[in-house]
Amino acid sequence: MTTTEKRDRRHRRVRAKVSGTKERPRLSVFKSNTRLVAQIIDDASGKTIVAVSSHTEKAKTPRERAEAAAKTLARMAIESGVKQVVFDRGGFQYVGTIAAFADAARAGGLEF
């Protein structure tokens, strides 16, 4: 079983338990080798409310770019009227870049 298959299996397991509503949408995170992409999704209507990529941020390390993207996402979400979210780590371990992103999003004003 490859690493990608293992992550997909973990993601399916997480998604079976985590779902976003209109009042509390899902904050979904995807991490590749080069960037981190996050979306706030209303699963009831199937619409993406806000999306951001660390690729557009200007910082030195991937962790710093993820933190900057989280602050941008939090600002955009609050402008859109979203304050509380459900965190979907996408099958990735809650360490390193993912944890830094989550902490920065909380610091930016999102509640989860």
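This is a walk through the fold shown above, from its sheet to its helices, its core and a few individual residues. Please keep in mind that the model is predicted.

Let's start with the sheet. Four strands make an open sheet with mixed pairing, and their order is β3-β2-β1-β4. The edges belong to β3 and β4, each of which has a single partner strand, so one side of each is left without a neighbour in the sheet. From one strand to the next, the twist averages 20 degrees.

Strand β1 is a good place to see the mixed pairing up close. With β2, β1 pairs in the antiparallel sense over six bridges, and a hairpin of four residues links β1 to β2. If you want a landmark for this pairing, look for Phe 30, which stands opposite Val 37 in β2. With β4, which covers residues 86-88, β1 pairs in the parallel sense over three bridges. Here there are two landmarks: Arg 26 stands opposite Val 86, and Leu 27 stands opposite Phe 87.

Now bring in helix α2. This helix lies across β1, β2 and β3, and runs at about 145 degrees to β3. A quick check on its geometry is easy to do: at 1.5 Å a residue, the 18 residues of α2 should span 26 Å, and the end C-alpha atoms are indeed 26 Å apart, which agrees. After α2 comes Gly 81, with a positive phi near 90 degrees.

Which residues of α2 are buried? They are Arg 65, Ala 66, Ala 69, Ala 70, Thr 72, Leu 73, Ala 74 and Ala 77. An α-helix has 3.6 residues a turn, so residues three or four places apart point the same way. That is a handy idea to hold while you look along the buried residues of α2, whose cover includes β1, β2, β3 and α3.

The sheet and helices come together in the core. In soluble globular proteins, nonpolar side chains tend to be buried together. Here the largest nonpolar core has 23 residues, and those touching the most other members are Leu 27, Ile 40, Leu 73, Phe 101 and Leu 110. Two or more residues each come from β1 (26-31), β2 (36-42), β3 (47-53), α2 (62-79) and α3 (96-107). Of these, α2 gives the largest share, six residues. Leu 73 shows how the pieces meet: beyond its neighbours within four places in sequence, Leu 73 is in contact with Leu 27, Ala 38, Ile 40, Val 50, Ala 51, Val 52 and Phe 101.

Three individual residues round out the picture, beginning with Arg 26. This arginine lies in strand β1. Is Arg 26 buried or exposed? Its relative accessible area is 7%, and because that is under the 20% cut-off, Arg 26 is buried. The side chain of Arg 26 has a polar contact with the side chain of Asp 43, at 2.9 Å. Leaving aside neighbours within four places in sequence, the contacts of Arg 26 include Arg 15, Val 18, Gly 20, Gln 39, Val 86 and Asp 88.

Next is Ser 54, in the loop between β3 and α2. Ser 54 is also buried, with a relative accessible area of 4%. A polar atom of the Ser 54 side chain lies 2.8 Å from the backbone nitrogen of Leu 36. Not counting residues up to four places away in sequence, Ser 54 touches Arg 35, Leu 36, Arg 65, Ala 66 and Ala 69. For a distance to try in your viewer, the C-alpha atoms of Ser 54 and Ala 70 are separated by 8.4 Å, although the two residues are 16 residues apart along the chain.

Finally, turn to Ala 100 in helix α3. Ala 100 counts as buried, at 3% relative accessibility. Outside its neighbours within four places in sequence, Ala 100 is in contact with Arg 63 and Glu 67. The C-alpha atoms of Ala 100 and Arg 65 are separated by 10.0 Å, with their places 35 residues apart along the chain.

Note on methods: Residues are numbered from 1 along each chain as its sequence is written. This is a predicted model: local features need pLDDT of at least 70, side-chain atom pairs count only at pLDDT 80 or more; totals for chains, interfaces and linings use all residues. Side-chain values use heavy atoms; hydrogens and water are left out. A nonpolar core is a set of buried Ala, Val, Leu, Ile, Met, Phe, Trp, Tyr and Cys residues joined through side-chain atoms within 4.5 Å. Buried means under 20% relative accessible area, exposed over 50%, partly exposed in between (1.4 Å probe, protein chains only). Contact means heavy atoms within 4.5 Å. Two strands pair if DSSP finds at least two bridges between them. Axes are lines fitted to C-alpha atoms, for helices over the stretch in contact, and angles run from 0 to 180 degrees between N-to-C directions. The expected span of a helix is 1.5 Å times one less than its number of residues. A polar contact is a pair of N or O atoms within 3.5 Å; within protein, one must be able to donate a hydrogen and the other to accept it, and residues adjacent in sequence count only if both atoms are side-chain atoms.
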